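Work through the exercises below with the structure open. Each task is followed by a stepwise solution.

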2 protein chains.
Amino acid sequence: MPKSKYFDIYTVIRRRIEDEHYTDMLPSENELTLEFDCSRNTIRRAIQLLVSDGYVQSIHGKGVMVIYTPYSKEQYTLGKVESFSEAAVRNRTDTKTQVILFSELTVDERIRRRTGFENGVQIYYIQRVRYINGEAVIIDHNYFLKDIVKDLTEDIAKGSIYDYIENTLGINIVTTKRVFTVQKINEKDEKYLNLNGCNCVAVVENYTYNSDGIMFEVTQSRHSPTYFEFHDVATRNNKI
Amino acid sequence: MPKSKYFDIYTVIRRRIEDEHYTDMLPSENELTLEFDCSRNTIRRAIQLLVSDGYVQSIHGKGVMVIYTPYSKEQYTLGKVESFSEAAVRNRTDTKTQVILFSELTVDERIRRRTGFENGVQIYYIQRVRYINGEAVIIDHNYFLKDIVKDLTEDIAKGSIYDYIENTLGINIVTTKRVFTVQKINEKDEKYLNLNGCNCVAVVENYTYNSDGIMFEVTQSRHSPTYFEFHDVATRNNKI
DNA sequence: TATTGTAACATGTTTAAACAAGTTTGTCAA
DNA sequence: TTGACAAACTTGTTTAAACATGTTACAATA
């Protein structure tokens, strides 16, 4: 559904920045309004997206400055809400997934504390090892609400569960809350991951909400430090 | 400068969510428009900020759902663009800063590759150890453009450089790009930090831009895993 | 009873206009 | 030459209106 005008404009301008067509400043909002034949508000909305991507920065009274810098060496970047497979595809890497546990169970007190799901709810609990270029780099612990992610199978888990969720089930993923920590390795990390002598892993806890505002997934991803790299852009609200 | 209406409204609603005055859904945009005596657009702008905070999620045709969950155990959270001292103050922790290197130098090829600053530019290079509740938990390597961060002294570095930058120099920090990795410890980490047996540190590289769009600071913060916790909210753009 | 349709509500997109406020530049006066 | 000032730009905030689209609930219909 390529519906909205502002998103199309955003895409065009973003591409131009990546192609270094714009390097110093964007054309003024009025000029862009003329080029894209739309209102100033629509242009401003597109620019807002570029700001939150860290591509440009608006300067009151002067214009919109391009601050985009292409990343060079990254191997694996979770930029937005994206799955392992998506990121791998984007980075054109060879990937494989090994399911080491596929279970269905009922949330008890221990799992409730870990995930935030309510006691008594039915869930899938899956453990998977992720390989990039033949190296084991991530162990995922997935908890899915059975009510929402219906009829999950081990076979699906071998591929992309996100693809199944979005394209087969038609669930929209809207918000993801993440918590990053660094933790000492446990036995499974040691058994499966290529750790290169590290005794710690990068841990990303994901809490994913669908378009009904229901948190239907909790995932803990334990990354071998070697391949872990995460990018983020923050903009400050300068008002009191 | 508490100028804008939408930001005030955002602050009020955010407070109400934190106080659990709103738990399931926000009032509709039309109701909020009446209460705050403003246009619908202004309400929508306030809600937009709450969405990017991960406090609420809009559901087309239904309403705006509250998905706020208070954090419980966090010790140290860099939620936005905030300095060590700010975060510490927010979390009401005892902090101390020890300056272990204060130098002024010219960017050479090695520093250029590390920071992205141009060759020949004058910078401050500072190393600092940060203590929380008496424990050494972070080593900061700061690089500041001398042209912009003028007259920095070791004395200022002992306190909050960000306070000096913002309040004394009047520089506005707008955008920060961050890269997270996990790296093996080096000699300085081992010498200064409380590592609790970990042989890795959480590394956050900060690239900070002022309101002129100039990147004037590059900082590498090396965190002891024990105290490191980072929160993030991502929202997905569902358009093609 | 079950289904359909519709009205009333919700958020999403787009336009237009007006004014506020910061920056740049050229002109005019000292 | 220098300084002051105003005009012409820039982005920032706010309002108003119209229409699109998704959801809910209720009433009419089969």
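Two strands count as paired if DSSP finds at least two bridges between them. The model is predicted.

**Exercise 1. How many bridges join β4(B) to β5(B), and do they run parallel or antiparallel?**

Step 1. Take β4(B), residues 122-132, and β5(B), residues 135-145. Ten bridges join them.
Step 2. Read the direction: the two strands run antiparallel.
Step 3. Pick one bridge. Val129(B) has Ile139(B) of β5(B) as its partner.

**Exercise 2. Place this pair in its sheet and find the edge strands.**

Step 1. Write the order: β9(A)-β6(B)-β7(B)-β8(B)-β5(B)-β4(B)-β3(B). This is an open sheet of seven strands with antiparallel pairing.
Step 2. Find the edges. β9 (230-235) of chain A and β3 (95-106) of chain B each have a single partner strand, so one side of each lacks a neighbour in the sheet.
Step 3. Check the twist. Neighbouring strands are turned by 15 degrees against each other on average, direction ignored.

**Exercise 3. Describe the side of chain B that touches chain A.**

Step 1. Count the contacts: 46 residues of chain B meet 47 residues of chain A.
Step 2. Assign elements. β1 (56-59), β6 (173-184), β7 (200-210) and β9 (229-235) of chain B each supply at least two residues. β6(B) gives the largest share, twelve residues.
Step 3. Sort by class: 22 nonpolar, 14 polar and ten charged residues.
Step 4. Look at a strand pair across the chains. Seven bridges join β6 (residues 173-184) of chain A to β9(B), and the two run antiparallel. Here Val179(A) is partnered by His231(B).

**Exercise 4. Which word fits the angle between α1(B) and α3(B): parallel, perpendicular or oblique?**

Step 1. Take α1 (residues 5-18) and α3 (residues 40-52) of chain B. Their axes come within 8 Å and cross at roughly 55 degrees.
Step 2. Compare with the cut-offs. Under 35 degrees is roughly parallel, and 65 to 115 is roughly perpendicular. The two helices are therefore oblique to each other.
Step 3. Add the hand: α1(B) passes α3(B) in a right-handed crossing.
Step 4. List contact residues. Among them are Tyr6(B), Ile9(B) and Ile13(B) of α1(B), and Ile43(B), Ala46(B) and Leu49(B) of α3(B). The contact has eight nonpolar, one polar and three charged residues.

**Exercise 5. What surrounds DNA strand D?**

Step 1. Count: 19 residues surround the strand. The closest are Ser28(A), Ser58(A), Lys5(B), Asn41(B) and Gly61(B).
Step 2. Assign elements. α2 (29-36) and β2 (63-66) of chain A, with α1 and α3 of chain B, give two or more residues each. α2(A) gives the most, three residues.
Step 3. Sort by class: three nonpolar, twelve polar and four charged residues.

Terms used. Residues are numbered from 1 along each chain as its sequence is written. Chains are lettered from A and ligands numbered from 1 in the order in which they are written. This is a predicted model: local features need pLDDT of at least 70, side-chain atom pairs count only at pLDDT 80 or more; totals for chains, interfaces and linings use all residues. Two residues are in contact if their C-beta atoms, placed from the backbone, lie within 7 Å. Helices (H or I, at least four residues) and strands (E, at least two) are DSSP runs, numbered from the N terminus. Ala, Val, Leu, Ile, Met, Phe, Trp, Tyr, Cys and Pro count as nonpolar, Asp, Glu, Lys and Arg as charged, and the others, Gly among them, as polar. Axes are lines fitted to C-alpha atoms, for helices over the stretch in contact, and angles run from 0 to 180 degrees between N-to-C directions. Angles under 35 degrees count as roughly parallel, over 145 as roughly antiparallel, 65 to 115 as roughly perpendicular and the rest as oblique. A crossing is left-handed if the near helix is turned anticlockwise from the far one by less than a right angle, and right-handed if clockwise. A residue is near a molecule or strand if its C-beta atom, placed from the backbone, lies within 6 Å of it.
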